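Dear colleague,

I am handing over the structure we spoke about, and I would be glad if you could look through it alongside the notes that follow.

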Amino acid sequence: MSFPKDFIWGAAAASYQIEGAAHEDGRGLSVWDTFSHTEGKTKNQDTGDIACDHYNKFREDVALMKQLGLKAYRFSISWSRILPDGTGKINKAGLQFYSDLVDELIKSDIEPFVTLFHWDLPQELQYRGGWANIEIADWFSEYTRIVVEALSDRVSYWMTFNEPLCHILLGHSTGYHAPGLTLSNREVFRLIHHMNLAHGKAVQTIRKYAKKKSIVGFVPNPSPGVPATDSQEDLDAARAYTLSGSSRGLFSNGWWLDPILLGQYPKDGIEAMGADFPADMIKDGDMELISQKLDFLGINLYTGTVIKHDEIHGFEVCPAKNGYDQNALKWHVLPESIYYLSKFLYEKYKLPIIIAENGLTLSDWVSLDGKVHDPNRIDYMHRYLKELKKASEEGIDIRGYFAWSILDNFEWSEGYNERFGLIHVDFNTLKRTPKDSFYWYSDLIKHNGNNL
Ligand code: GAL
């Protein structure tokens with residue numbers, strides 16, 4: 001067996017990165033509108049005001065997805081398009097947009113995968129404290145109910161949060177993302193806990209209000225350790241690094257996986273954090289609420305770190321060598337990372353895995369022949385997918401793979417400098433041009449990955 005017969009071949013995108021139409025049809029502002037309009041926060045002062053204008057061009061985009069042969073499309077919902085103030089009054093036009101998108105997908109035989117939160121928190125809720133306000137668990141649950149009531153007659157696959165680590169730490173600790181705060185670790189823990197509570201309540205809400213059987217997961221971005229050699233010692237070191245709650249401070253995977261999947265914050269992490277960990281934030285019943293049983297674990301994965309055994313600390317990070325393979329953002333291209341991450345996480349958490357994002361940013365442009373030649377993206381996907389196939393052949397339960405991204409889009413603080421798409425977007429004319437990788441992926445899907 002290579003990939004299972006019903007393997008889900010998909011591509012992904014997120015609301016603020018592609019939709020544009022920031023001020024159309026009653027949409028409220030999100031923290032990303034405010035942040036990108038604040039001087040010096042994004043490259044070239046780029047914003048998502050127009051982005052790919054997917055809000056107005058979604059039929060054209062779904063037609064391209066159909067041409068590609070996608071089995072599934074993962075998109076996120078803009079909370080402030082549905083509830084301009086975050087709570088209260090519903091914007092019907094916003095709901096209609098997603099309902100029309102879902103219809104268009106289903107008409108094209110493409111399974112919709114809905115992510116409820118991909119970082120664009122309504123600005124009005126940020127004014128009320130955002131993730132620091134414990135009421136956010138109820139706000140999120142109300143929003144979830146509205147979306148589920150509107151779409152769950154046609155949508156089965158739900159993902160609560162995309163990359164909580166990035167939103168919380170980059171947005172509230174390093175300040176590199178919206179809302180651009182730089183809080184202490186002790187404060188950040190409360191945000192994490194509130195987000196976890198919001199996740200737990202949302203899972204309950206989906207299950208309670210879904211009109212058909214729902215398949216529910218969440219999408220962290222755990223950082224994989226890849227063993228430096230084939231030795232058992234290095235394998236154990238890479239596993240320990242990957243599953244640790246203390247290898248990288250608050251960035252350690254254990255902080256982001258254990259509460260939701262095991263119902264506890266990592267003991268080694270708590271010990272390492274000492275007084276920075278506000279144990280009093282955990283109330284009776286919280287951890288049970290947070291760790292609702294999930295149907296799958298989504299994983300976003302782009303890169304990894306080479307790890308070798310170390311007598312004293314158990315593992316040691318090997319810095320990337322000069323001239324290492326890298327994407328346009330200088331992230332290390334490390335195909336084995338997808339194999340080891342799937343293996344380590346499946347062994348520990350025992351949930352089916354869906355790769356919810358994987359892809360490469362390059363400086364693509366339209367060539368004289370009118371095409372976009374991106375051999376390195378094809379090679380990247382080829383290498384990573386071979387490793388994923390190996391994991392699948394070894395019995396790791398991998399259910400799907402989503403390429404990031406369907407379209408070139410607004411890459412957060414990096415603006416439009418980065419191009420992750422299978423489809424090139426000219427941001428002046430908004431013209432779409434499928435890249436060579438689009439056709440390569442299309443062929444791969446036809447063969448269910450057997451031609452890798
Ligand atoms: C992920 C994120 C996406 C996209 C991608 C490429 O962290 O979920 O929105 O930006 O990285 O950087």
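The shell around the ligand is made up of 6 nonpolar, 4 polar and 3 charged residues, and please keep in mind throughout that this is a predicted model. Of the 13 residues that surround the ligand, those that come nearest are Q17, H118, N162, E163 and E411.

Two of these names return when one looks at the polar side-chain atoms facing the ligand: an N or O atom in the side chain of H118 is 2.8 Å from an oxygen atom of the ligand, and N162 places a polar side-chain atom 2.9 Å from a ligand oxygen. W412 also takes part, with a polar atom of its side chain lying 3.0 Å from an oxygen atom of the ligand. On its own the ligand has 310 Å² of accessible area, and the protein covers 95% of that area. As for where the ligand sits, the space that it takes is the largest pocket.

A separate point concerns the cysteines, since you may want to check them when you prepare the model. Searching the whole structure gives 0 disulfides, and C52, for one, is in no disulfide, the nearest cysteine sulfur being that of C166 at 20 Å. With a relative accessible area of 0%, C52 counts as buried because the value is under 20%. C318 is likewise classed as buried, because its relative accessible area of 17% also falls under the 20% cut-off.

With best regards

Technical notes: Residues are numbered from 1 along each chain as its sequence is written. This is a predicted model: local features need pLDDT of at least 70, side-chain atom pairs count only at pLDDT 80 or more; totals for chains, interfaces and linings use all residues. Side-chain values use heavy atoms; hydrogens and water are left out. A residue is near a molecule or strand if one of its heavy atoms lies within 4 Å of it. A polar contact is a pair of N or O atoms within 3.5 Å; within protein, one must be able to donate a hydrogen and the other to accept it, and residues adjacent in sequence count only if both atoms are side-chain atoms. Accessible areas come from the Shrake-Rupley method with a 1.4 Å probe; for residues, only the protein chains shown count as cover. On a 1 Å grid over the protein atoms alone, a cavity is a set of points where a 1.4 Å probe fits but cannot get out, and a pocket is an open set with protein on both sides within 12 Å along at least five of seven lines; lining residues have an atom within 4 Å of a point. A molecule sits in a cavity or pocket if more than half of its atoms lie within 2 Å of its grid points. Ala, Val, Leu, Ile, Met, Phe, Trp, Tyr, Cys and Pro count as nonpolar, Asp, Glu, Lys and Arg as charged, and the others, Gly among them, as polar. A disulfide is a pair of cysteine sulfur atoms within 2.5 Å. Buried means under 20% relative accessible area, exposed over 50%, partly exposed in between (1.4 Å probe, protein chains only).
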